[in-house]
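Grab a pencil and work through these exercises with the model open beside you. Each one sets a task and then walks through a solution.

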Amino acid sequence: MVLSKTASETDVSVHSTFASRYVRTSLPRFKMPENSIPKEAAYQIINDELMLDGNPRLNLASFVTTWMEPECDKLIMDSINKNYVDMDEYPVTTELQNRCVNMIAHLFNAPLGESEAAVGVGTVGSSEAIMLAGLAFKRKWQNKRKAEGKPYEKPNIVTGANVQVCWEKFARYFEVELKEVKLREGYYVMDPVKAVEMVDENTICVAAILGSTLNGEFEDVKLLNDLLIEKNKETGWDTPIHVDAASGGFIAPFLYPELEWDFRLPLVKSINVSGHKYGLVYAGIGWVIWRSKEDLPEELIFHINYLGADQPTFTLNFSKGSSQVIAQYYQLIRLGYEGYRNVMENCHENAIVLKEGLEKTGRFNIVSKDNGVPLVAFSLKDSKRHDEFEISEMLRRFGWIVPAYTMPADAQHITVLRVVIREDFSRTLAERIVIDIQKVLHELDTLPAKVNAKLAMAEEEEAKSGTVVKKTAIETQREVAAFWKKYVSERKTNKNKIC
């Protein structure tokens with residue numbers, strides 16, 4: 001017997017999603033709805049909300065890849081249901097991961113024999129990669145201290161104050177003291193001399209950044225290595241180096257092949273890199289490579305067999321998708337050395353175009369360097385009336401997402417804007433954003449000084465005259481409101497005038 005159900009009147013209009021009841025009533029936001037809805041309605045509701053997100057291609061705050069070729073998109077979708085951890089079930093995917101590890105290890109000049117396999121692993125990003133590398137350093141240092149009968153309860157890492165937040169997470173989560181070299185105006189990366197001075201017997205490693213998040217600058221890993229070798233000789237320690245090449249690891253080998261920052265330096269024991277940044281893969285893939293097996297303590301590697309065969313694993317998570325690993329392999333064989341070099345050269349050239357366009361305005365100081373990650377960090381020469389945060393906010397009206405931020409200690413009085421140049425940021429877009437920035441500057445010039453600056457200048461004048469009167473919060477609020485009311489009124493009057 002065939003069971004049939006008569007459609008209710010409210011379901012008849014499902015052929016037109018926007019005419020259905022499902023998009024005319026709101027769904028509960030924080031509780032699962034009681035009843036099901038048609039797939040078309042579910043898609044439309046979510047799609048409509050997502051329209052309010054920014055355009056990823058115009059998100060110039062992010063280093064993360066926002067475009068890949070359609071052929072790679074298809075590979076990603078074809079493998080989206082594969083669990084990367086099921087190595088016995090998906091042996092080819094595991095093989096592709098191993099090939100990526102070895103390709104990247106050779107790119108970083110790992111000292112491998114003819115048939116020697118590289119030591120490394122794919123991660124969900126550089127944050128996980130840094131956690132794993134840090135754990136390896138901590139455990140190796142602890143084992144040595146135990147063997148020598150010395151205290152091993154207070155490990156520390158020396159970094160610059162410009163490190164990404166994942167280093168602070170590692171220090172807090174795994175109880176390691178983070179000793180930061182402070183920055184100073186005009187020098188926004190770790191000073192190798194000061195870093196080595198901060199090293200003591202409890203230092204598990206010194207972390208150098210190849211491509212600072214703040215201004216894209218490469219730290220001097222070669223100088224750090226040389227200074228640390230001398231200190232190790234004097235003290236009898238063997239303090240190593242980790243290179244956080246999240247942003248610069250896929251740039252330096254192609255743009256600056258002579259630069260010594262990688263495993264060519266003897267104290268560099270591990271390197272992390274983000275495949276989802278200049279490795280040119282969508283978000284969700286990072287890599288960590290060790291110099292040799294001796295640099296990754298065996299006790300940190302787990303062996304499981306309940307998925308069908310003995311499988312070594314050294315990750316913080318377990319299940320994850322295979323798509324990004326496959327996408328990374330696609331990019332490595334599709335582009336090759338030549339293709340990556342062409343992409344990085346284009347990014348660098350577009351960064352120069354943007355930098356020169358900003359310099360021609362005469363309004364900005366360029367904080368970034370020509371050599372480094374292809375980005376442009378810049379600050380206003382005169383920020384008394386208006387600041388970088390106002391420029392950032394007004395650029396959103398044109399669709400651009402450009403971050404403004406203050407530098408870390410001891411350069412926190414410096415505020416900068418930053419535009420990251422990715423593969424999909426063309427020269428046309430570089431020229432376009434300069435035009436839009438000029439429009440913003442012109443509009444700001446017609447506006448009164450930001451209220452906080454105006455009040456500060458008034459208080460400064462009062463202080464000079466010796467007639468400082470402390471205003472209450474209500475008085476200040478009223479003054480601000482009156483100021484803007486007058487300003488808006490004047491703008492309306494001017495618009496109604498006939499020229």
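**Exercise 1. A loop aspartate**

Leaving aside its neighbours within four places in sequence, which residues is D387 in contact with?

Before the solution, some ground rules. This is a predicted model, so local features need pLDDT of at least 70 and side-chain atom pairs count only at pLDDT 80 or more, while totals for chains, interfaces and linings use all residues. Residues are numbered from 1 along each chain as its sequence is written, and side-chain values use heavy atoms, with hydrogens and water left out.

*Solution.*
- Step 1: find the spot. D387 sits in the loop between β11 (375-380) and α11 (388-395). Helices (H or I, at least four residues) and strands (E, at least two) are DSSP runs, numbered from the N terminus.
- Step 2: list the contacts, meaning heavy atoms within 4.5 Å. With those neighbours set aside, D387 is in contact with L380 and K450.
- Step 3: check the cover. D387 counts as buried because its relative accessibility is 17%; buried means under 20% relative accessible area, exposed over 50%, and partly exposed in between (1.4 Å probe, protein chains only).
- Step 4: look at the side chain. One of its polar atoms lies 3.2 Å from the backbone nitrogen of F389.

**Exercise 2. Follow a helix into its surroundings**

Work out which elements the buried residues of α4 pack against.

*Solution.*
- Step 1: get the dimensions. Helix α4 covers residues 91-107, so to speak a run of 17 residues, and reaches 24 Å from its first C-alpha to its last. That is close to the 24 Å expected at 1.5 Å a residue, where the expected span is 1.5 Å times one less than the number of residues.
- Step 2: pick out the buried positions. They are T93, T94, L96, Q97, C100, V101, I104, A105 and L107.
- Step 3: see what they pack against. The list is β1, α9 (252-255), β6 (268-274), β7 and α10 (323-361).
- Step 4: follow β1, residues 119-123, where 4 of the 5 residues are buried. This strand pairs with β7 (residues 286-290) in the antiparallel sense over 5 bridges; two strands pair if DSSP finds at least two bridges between them. For G120, the bridge partner in β7 is I289.

**Exercise 3. Odd backbone geometry**

Track down some backbone oddities, and say how covered the residues with positive phi are.

*Solution.*
- Step 1: recall the background. Most residues other than glycine have a negative phi, and most peptide bonds are trans.
- Step 2: take N109, in the loop between α4 and β1. N109 has a positive phi of about 60 degrees although it is not a glycine. At 33% relative accessibility, N109 is partly exposed.
- Step 3: take L280, in the loop between β6 and β7. L280 isn't a glycine either, yet its phi is positive, about 70 degrees. With a relative accessible area of 3%, L280 is buried.
- Step 4: look for a cis peptide bond. One joins A409 and D410, with omega about 0 degrees. D410 belongs to the loop between β12 (404-406) and β13 (415-420).

**Exercise 4. Two strand residues**

Describe the surroundings of V206 and A404.

*Solution.*
- Step 1: start with V206, in strand β4 (residues 203-209). V206 is buried, at 0% relative accessibility.
- Step 2: list what V206 touches. Not counting residues up to four places away in sequence, that gives V158, M190, V199, L224, L228, T239, P240, I241 and H242. V206 and L224 are 18 residues apart in sequence, and their C-alpha atoms are 8.8 Å apart.
- Step 3: move to A404, in strand β12. A404 is buried as well, since its relative accessible area is 18%. Beyond four places in sequence, A404 is in contact with E388, F389, S392, V416 and L417.

**Exercise 5. The whole chain**

How many helices, strands and disulfides are there?

*Solution.*
- Step 1: count elements. The chain has 14 helices and 13 strands.
- Step 2: check the sulfurs. A search of the whole structure finds 0 disulfides, a disulfide being a pair of cysteine sulfur atoms within 2.5 Å.
- Step 3: check the cover overall. Of the 499 residues in the chain, 47% are buried.

Conventions
Polar contact = N/O pair within 3.5 Å; in protein donor to acceptor, adjacent residues only side chain to side chain.
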